Amino acid sequence: MSLVGQFEHTVLVERHLFALIDDDPDNDDPFTVLPAPLGFLAREGNVVVESELADQEARVRVEIWDSTPEGPRGMFIAMGEAHQVRFESERIQLINIMREPAGEAYELASPGPYSVRLFRSPQEENPDEPLEAFRKFERFVIQIWK
């Protein structure tokens, strides 16, 4: 098992939600079906995540592995079991509920089905954040593998 690639972005979370999506413009809106509270929902072309905080600037790391990885180090809590998701465009991207990207798309090695699982950290606080609504935040690790 080895880490093939990874990327990190800060994602604006509103109404508890953000998503990792296949960067295909013809994909359906990922937020038409929502996950269970504090969980995630993987379906064709997207992974929708529900956070504990309604509004925050979440720190999200996406890890791409060549086989089933161990969970991340540190104080992370599993958000359920692994699920299957298909990424056909070979490009994935983190977005907020308004479908605004959190950064550049990431190029996968190949299209097709991937396994995915998520972990979140306990809430942290950034005392330097001027907006009180965004002072608390969570960290997320999204692991995907073939």
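In this predicted model, Ile-77 stands opposite Arg-120 of strand S10. The pairing belongs to a short contact between strands. Strand S6, residues 77–78, runs antiparallel to S10 and is joined to it by two bridges. Strand S7, residues 83–87, is also antiparallel to S10, here over five bridges. Within this pair, Phe-87 has Gly-112 as its bridge partner in S10. S10 further pairs with strand S13, residues 139–145. Six bridges connect the two, again in the antiparallel sense. Phe-119 faces Val-141 of S13 across this pairing.

S10 itself spans residues 112–120 and is mostly covered. Of its nine residues, eight are buried. Arg-120 is buried, at a relative accessible area of 12%, because the cut-off for burial is under 20%.

Arg-120 also takes part in a salt bridge. Its partner is Glu-52, with 3.7 Å between the closest N and O atoms. Glu-52 lies in the loop between strand S4 (46–50) and strand S5 (56–65), whereas Arg-120 lies in S10, so the contact ties together parts 68 residues apart in sequence. The two ends are not alike in exposure: Arg-120 is buried, while Glu-52 is partly exposed at 39% relative accessibility.

The count of salt bridges comes to seven. Side chains of opposite charge can pair when their charged atoms come close. A further example is Arg-91 with Glu-107, where the closest N and O atoms are 3.4 Å apart. This pair links distant parts of the chain, 16 residues apart. Arg-91 sits in strand S8, residues 91–96, and Glu-107 in strand S9, residues 106–107. Arg-91 is partly exposed, with a relative accessible area of 33%. Glu-107 is likewise partly exposed, at 47% relative accessibility.

Another salt bridge involves S13, the strand that pairs with S10. Here the side chains of Arg-139 and Glu-124 meet at 2.7 Å, N to O. Arg-139 lies in S13 and Glu-124 in strand S11 (residues 124–125), so parts 15 residues apart in sequence are tied together. Arg-139 is partly exposed at 33% relative accessibility. Glu-124 is partly exposed at 29%. Elsewhere, shared partners join salt bridges into one network made up of Asp-23, Arg-91 and Glu-107.

Notes. Residues numbered from 1 in each chain as written. Predicted model: local features only at pLDDT ≥ 70, side-chain atom pairs only at ≥ 80, totals over all residues. Heavy atoms only, no water. Buried < 20%, exposed > 50% of the residue type's maximum accessible area, 1.4 Å probe, protein only. Helix = DSSP H or I, 4+ residues; strand = E, 2+ residues; numbered from the N terminus. Pairing = 2+ DSSP bridges. Salt bridge = Lys/Arg side-chain N within 4 Å of Asp/Glu carboxyl O.
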